[in-house]
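The following questions and answers set computed values against the definitions behind them. Please have the sequence and the model in view while reading.

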Amino acid sequence: MPALRPLCMILKVFLHQRELNEVYTGGVGSYALLTMLITHLQLIWGLKDMMGYRQSKEHNLGILLVSNTFLMIHGNEIF
């Protein structure tokens with residue numbers, strides 16, 4: 001998963017700017033963030049279209065965060 005490291009760094013900065021990076025103050029720690037990202041990437045890249053073919057892997061980090069609903073799911077339902 002080549003996109004995992006840059007996505008994690010982007011989200012860590014995002015959480016740090018909003019003071020949501022410390023677990024003891026109610027934020028998200030590194031381990032939780034990594035597991036959320038790994039699960040999200042596995043779901044997105046593991047999907048098959050209606051014909052049974054795997055969808056192409058998206059390498060645009062912005063598309064992976066916004067269009068594939070990572071921020072919508074985890075931002076609205078968890079945070």
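The exchange below moves from the whole chain to its helices and single residues.

Q: What kind of model is this, and which residues qualify for local features?
A: This is a predicted model in which local features need pLDDT of at least 70 and side-chain atom pairs count only at pLDDT 80 or more, while totals for chains, interfaces and linings use all residues. Residues are numbered from 1 along each chain as its sequence is written, and side-chain values use heavy atoms, with hydrogens and water left out.

Q: What is the mean pLDDT of the protein chain, and which element has the lowest mean?
A: pLDDT is the predictor's confidence in each residue, from 0 to 100. The chain has a mean of 76, and 66% of its residues reach 70 or more. Among its elements, helix H4 (residues 70-77) has the lowest mean pLDDT, 66, and H1 the highest, 89.

Q: What makes up the order of elements in the protein chain?
A: Helices (H or I, at least four residues) and strands (E, at least two) are DSSP runs, numbered from the N terminus. The chain has four helices and zero strands, and its elements run α-α-α-α from the N terminus on.

Q: Why is Leu41 called buried or exposed?
A: Buried means under 20% relative accessible area, exposed over 50%, and partly exposed in between (1.4 Å probe, protein chains only). Leu41, in helix H2, has 0% relative accessibility and therefore counts as buried. Buried residues make up 27% of the 79 residues in the protein chain.

Q: Why is Glu19 called buried or exposed, and what is its phi?
A: Glu19 lies in the loop between H1 and H2. Because its relative accessibility is 64%, Glu19 counts as exposed. Glu19 has a positive phi of about 55 degrees although it is not a glycine.

Q: How do you know that the length of H1 agrees with its expected span?
A: The expected span of a helix is 1.5 Å times one less than its number of residues. The 14 residues of H1 should span 20 Å, and its end C-alpha atoms are 20 Å apart, so the two agree. For H2, 17 residues should span 24 Å, and the end C-alpha atoms are 24 Å apart, which agrees as well.

Q: Why are the buried residues of H1 said to line one face?
A: In H1, Leu4, Leu7, Cys8, Leu11 and Leu15 are buried. Seen down the axis, they fall within an arc of 100 degrees, so they line one face of the helix; the arc is that of the directions from the helix axis to the C-beta atoms. The face turned away carries the exposed residues Arg5, His16 and Gln17.

Q: What puts the buried residues of H2 on the same side?
A: The buried residues of H2 are Leu33, Met36, Leu37, His40, Leu41, Ile44 and Trp45. They cover an arc of only 140 degrees around the axis, which puts them on the same side of H2. The exposed residues Tyr31 and Leu43 are on the face turned away.

Q: What makes a set of residues a nonpolar core, and which residues have the most contacts inside the largest one?
A: A nonpolar core is a set of buried Ala, Val, Leu, Ile, Met, Phe, Trp, Tyr and Cys residues joined through side-chain atoms within 4.5 Å. The largest one here has 16 residues, and Leu7, Leu33 and Leu37 have the most contacts inside it. H1 (4-17), H2 (30-46) and H3 (61-66) each supply at least two of its residues, and the largest share, six residues, comes from H2.
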